Amino acid sequence: MNSINADLHCHSIISDGTLTPEDLALRAHKNGVQLWSLTDHDVIGGQKRAQLAAQNLGMKYLGGVEISVSWMGQTIHIVGIGIDSENPILIEGLRKTRDGRSARGKEIARQLEVIGIPGVYEGALTYAGNPELLSRTHFARYLVEKKVCQSIDEVFKNYLVEGKPGYIGHEWASLEESVQWITAAGGIAVIAHPGRYRLSDMQKHELYQAFKNAGGKGIEVITGSHTPSQYEEYAKIAQQYGFYASRGSDFHDPDESRIDLGQLPHLPSTLQPVWSLL
Ligand code: AMP
Ligand code: MN
Ligand code: MN
Ligand code: MN
């Protein structure tokens, strides 16, 4: 069961990826993915397309989403796997969470204009496949186009992040809400890429406890965001806290993403995979 090629985290043009759900399905299938989930940020408008495309390829599909959460002043991402994309509680929760992205985008652009980079709001929008889901990734792509930076990585070092120009704090969903919406829609809540959060060990412990108390069950162990030593670190965390383990590339784009769909090590055999619950 742990050796299934599952990829339960990636993004399409419905959020901040660059491929359509259909092209992602093809690419996943070509790369040997056997169990797939599209997990767009705060939006499930691509779910029916992804499911149908997977079905046509004979690839198993699980409904998915990645919810933006504010917790202790930090942004945390909670993935929902096995969700019903027609659930009204989840649909309404995500609508609320997306709300405010356009206003935030305008403020980001205003800050950048002040330092001499004009037209960023309109520029970012040209990269957004879905105007309701304007993401910092779209801003980053535009800043690379305008040669403000050489790469997306460079953008996220010098702009759009706390303490740098173009950073606007935002209040996303609460941790409890995100887990409630996912659970209401029949899904399993999973902490996305835990190695990326800048939290102390104590804060991480608090996060895992709060997530568990809210009904959260899983954690990503094998993700495109982790180094091999972090695979081991979070395998231990999964065992220590009794979390089910997940695996996903977090693929966004063929040129930008370090890890392609399905191209990850298997889950360690000592862990219980999230897909054993579904
Ligand atoms: P947002 O939800 O609009 O704040 O945008 C967050 C998105 O920006 C993430 O989902 C990533 O795709 C992207 N992102 C954030 N930090 C980085 C980074 N250091 N390098 C590349 N992409 C990043
Ligand atoms: Mn993203
Ligand atoms: Mn994420
Ligand atoms: Mn993601």
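Which residues are the protein donors of the manganese ion (ligand 4)? In this predicted model, local features require pLDDT of at least 70 and side-chain atom pairs count only at pLDDT 80 or more, while totals for chains, interfaces and linings use all residues. Residues are numbered from 1 along each chain as its sequence is written, chains are lettered from A and ligands numbered from 1 in the order in which they are written, and side-chain values use heavy atoms, with hydrogens and water left out.

The manganese ion (ligand 4) has as its protein donors His9 (NE2), His11 (NE2), Glu66 (OE) and Asp250 (OD), at 2.1 to 2.2 Å. Donors are taken as N, O and S atoms within 2.8 Å of the metal (3.2 Å for Na, K and Ca); water is not among the atoms, so sites may look incomplete. Along the chain these donor residues follow the spacing H-x1-H-x54-E-x183-D. Histidine 9 is buried, at a relative accessible area of 0%, and histidine 11 likewise counts as buried at 0%. Here buried denotes under 20% relative accessible area, exposed over 50%, and partly exposed the range in between (1.4 Å probe, protein chains only). The manganese ion (ligand 4) lies 4.6 Å from the manganese ion (ligand 2).

For the manganese ion (ligand 2), the protein donors are Asp16 (OD), His41 (NE2) and His252 (NE2), again at 2.1 to 2.2 Å. Their sequence spacing is D-x24-H-x210-H. Aspartate 16 is in the loop between β1 (6–7) and α1 (21–30), and histidine 252 is in the segment after β8, so this pair ties together parts 236 residues apart in sequence. Helices (H or I, at least four residues) and strands (E, at least two) are DSSP runs numbered from the N terminus. Aspartate 16 counts as buried at 3% relative accessibility, and histidine 252 is buried with a relative accessible area of 14%.

A distance of 5.6 Å separates the manganese ion (ligand 2) from the manganese ion (ligand 3). The protein donors of the manganese ion (ligand 3) are Glu66 (OE), His77 (ND1) and His193 (NE2), at 2.1 to 2.2 Å, and they are spaced E-x10-H-x115-H in sequence. Within this set, glutamate 66 in strand β4 (residues 64–71) and histidine 193 in the loop between β6 (188–191) and α9 (201–213) link distant parts of the chain, 127 residues apart. Glutamate 66 and histidine 193 are both buried. Glu66 thus appears among the donors of ligand 3 and among those of ligand 4.

Helix α9 has 13 residues, which at 1.5 Å a residue should span 18 Å; its end C-alpha atoms are 18 Å apart, in agreement. The expected span is 1.5 Å times one less than the number of residues. Lys204, Leu207, Tyr208, Ala210 and Phe211 of α9 are buried. Viewed down the helix axis, the buried residues fall within an arc of 165°, so they line one face of α9; the arc is that of the directions from the helix axis to the C-beta atoms. The face turned away from the buried side carries the exposed residues Met202 and Asn213. The buried residues of α9 are covered by elements including β4, β5 (74–81), α8 (175–184), β6, β7 (218–223) and α10 (228–241), contact being heavy atoms within 4.5 Å. Glycine 215, with a positive phi near 110°, follows α9.

In α8, the residues Leu175, Ser178, Val179, Trp181 and Ile182 are buried. These cover an arc of only 165° around the axis, which puts them on the same side of α8. They pack against β4, β5, α3 (88–98), β6 and α9. Just after α8, glycine 186 has a positive phi of about 80°.

Rings of Phe, Tyr and Trp (its six-membered ring) were paired if their centres lie within 6.5 Å, with planes under 30 degrees apart counted as stacked, over 60 as edge-to-face and the rest as tilted. Five aromatic pairs result from this rule. Tyrosine 208 and phenylalanine 243 form an edge-to-face pair, 6.1 Å centre to centre with 80° between the planes. Tyrosine 208 belongs to helix α9 and phenylalanine 243 to the loop between α10 and β8 (244–248), so the pair ties together parts 35 residues apart in sequence. Tyrosine 208 is buried at 2% relative accessible area, and phenylalanine 243 is buried at 4%. The rings of tyrosine 241 and phenylalanine 243 have centres 5.9 Å apart and planes at 15°, so this pair is stacked. Ring pairs link Tyr208, Phe211, Tyr241 and Phe243 into a cluster.
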